[in-house]
Amino acid sequence: MFTRQIRTGIVFSLILAFVVTTAIAFYADLPRMLTALVNFRWQYLPLILSLTLFNYICRFFKWQYYLKRLEVSLPWVKSLLIFLSGLSMAITPGKVGELLKSYLLKRSTGAPISHTSPVIVAERLSDGIAMLLLATTGLVLYRFGWEILLFLLLVGLAGILLIQNRRLSLAILRFGERLSLLARFAHPLQTFYESSYTLLQWRPLLLAIAIGFISWSGECAALYFVFTGLGIAPSLDLFIKSTFILAVSSLVGSASGLPGGLGTADGSMLGLTRLLVTTSATVGGAATLLIRLCTLWFGLGLGVISVLLFRAMQHTDVSGESEAGGEEITSDSNTRNLPLNERDDGLQPASAATARIGDNSL
């Protein structure tokens with residue numbers, strides 16, 4: 001199922017990417033843009049790709065931290081391949097295809113999808129807040145787009161506060177159980193909430209945001225070197241503008257729900273570049289195409305390679321012990337994550353057995 005989804009997503013994204021690239025090329029005056037790309041300082045390319053890899057490495061540490069919080073254990077090499085495999089699904093609408101990571105975790109450890117999928121939600125949420133923080137300096141200096149970013153921040157904080165309000169959240173879940181439409185999903189939703197409650201406490205959330213701030217600073221620096229490679233004079237002001245442009249365009253792309261933010265992220269980056277860095281549509285178009293090649297498409301390539309390596313590893317793994325071991329880890333992990341005064345307060349999470357039944361229905 002996921003292999004077919006990856007194939008379909010790649011075909012669709014390539015068509016959309018072709019349309020977006022063609023539009024940027026015509027807007028930026030194709031002959032002049034090609035000249036700008038030829039004159040680009042290509043010695044910067046390894047550094048730009050290294051900064052993108054730095055982002056992925058830091059985010060992998062956060063992934064490992066989240067799995068430890070949920071008491072899901074597997075070898076770090078396999079964990080790394082699963083994490084990178086999620087990059088292959090960045091081209092699916094709203095990145096919902098990143099549930100591939102939970103699917104692969106279930107195959108490797110037996111942990112229900114409803115137990116591990118909150119990791120993906122927590123990743124997106126903490127990364128979004130980190131990007132908002134990165135954009136803060138630009139918001140103060142340029143006062144551009146703050147209304148949209150403030151709205152996104154308030155929505156994120158509202159969701160966090162709702163999850164942290166345990167009694168209110170469980171009351172909502174109990175109400176949902178009485179609705180025939182939601183009753184069949186009651187147990188997986190309970191499991192999903194318990195994992196979310198564990199991951200979105202203030203301490204792990206603040207740590208995740210700090211990691212996100214550091215990791216995404218790498219891609220902001222990558223855009224800075226794209227600009228300097230195109231001949232724009234390096235300066236602290238350029239770095240601040242690069243950080244603001246990358247952060248805002250990434251947030252706009254994520255909020256749009258389009259595959260990889262194609263069109264929205266590109267358009268925001270091109271427009272902000274012309275507004276803040278250079279009036280040249282040629283340089284703006286070249287910078288947009290280069291940074292997207294070194295981030296979105298570079299990550300997609302790593303993701304596809306990781307999926308293939310994971311499948312090869314699974315085929316050579318004849319022990320079969322991981323499938324049986326994962327459920328034992330999950331069966332009591334939710335209970336251990338509850339505060340002691342809540343374990344006997346009628347707030348226990350759904351059992352692993354019922355969670356498995358629920359997962360089969362999702």
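Student: Is K101 buried or exposed in this predicted model?
Tutor: Happy to take that one. The cut-off for a buried residue is under 20% relative accessible area. K101 has a relative accessible area of 1%, so K101 counts as buried.

Student: Which residue forms a salt bridge with K101 at 3.2 Å?
Tutor: Side chains of opposite charge can pair when their charged atoms come close. Here the partner is itself buried, with a relative accessible area of 5%. The closest N and O atoms of the pair are 3.2 Å apart, and the partner of K101 is E98.

Student: How many residues apart in sequence are the parts that K101 and E123 tie together?
Tutor: Let's start with the contact itself: K101 and E123 form a salt bridge, with the closest N and O atoms 2.8 Å apart. K101 lies in helix α5 and E123 in helix α6, so the pair links parts whose separation in sequence is 22 residues.

Student: What is the relative accessible area of E123?
Tutor: A residue is buried when this value is under 20%. E123 meets that condition and is buried, its relative accessible area being 3%.

Student: At what angle do α5 and α6 pack?
Tutor: Good place to look next. Helix α5 covers residues 100-109 and helix α6 covers residues 113-142. α5 passes α6 in a right-handed crossing. Their axes are 9 Å apart, and the packing angle is about 145°.

Student: How many nonpolar residues does the contact of α5 with α6 have?
Tutor: On the α5 side, the contact holds K101, S102, Y103, L105 and K106, and these meet I113, T116, S117, I120 and E123 in α6. By class, three of the contact residues are polar, three are charged, and the nonpolar ones number four.

Student: Which helices does the salt bridge of D127 and K62 tie together?
Tutor: The two side chains meet at 2.6 Å, N to O. The parts they join are 65 residues apart in sequence, because D127 and K62 lie in separate helices. Both D127 and K62 are buried. D127 belongs to helix α6 and K62 to helix α3 (residues 45-69), so the helices tied together are α6 and α3.

Student: Which residues are joined into one network with K101 and E123?
Tutor: K101 has a salt bridge with E98, and K101 also has one with E123. Salt bridges that share partners build the network, and its other members are R59, K62, E98, R124 and D127.

Definitions and conventions:
Residues are numbered from 1 along each chain as its sequence is written. This is a predicted model: local features need pLDDT of at least 70, side-chain atom pairs count only at pLDDT 80 or more; totals for chains, interfaces and linings use all residues. Side-chain values use heavy atoms; hydrogens and water are left out. Axes are lines fitted to C-alpha atoms, for helices over the stretch in contact, and angles run from 0 to 180 degrees between N-to-C directions. Helices (H or I, at least four residues) and strands (E, at least two) are DSSP runs, numbered from the N terminus. A crossing is left-handed if the near helix is turned anticlockwise from the far one by less than a right angle, and right-handed if clockwise. Contact means heavy atoms within 4.5 Å. Ala, Val, Leu, Ile, Met, Phe, Trp, Tyr, Cys and Pro count as nonpolar, Asp, Glu, Lys and Arg as charged, and the others, Gly among them, as polar. A salt bridge is a side-chain nitrogen of Lys or Arg within 4 Å of a carboxyl oxygen of Asp or Glu. Buried means under 20% relative accessible area, exposed over 50%, partly exposed in between (1.4 Å probe, protein chains only).
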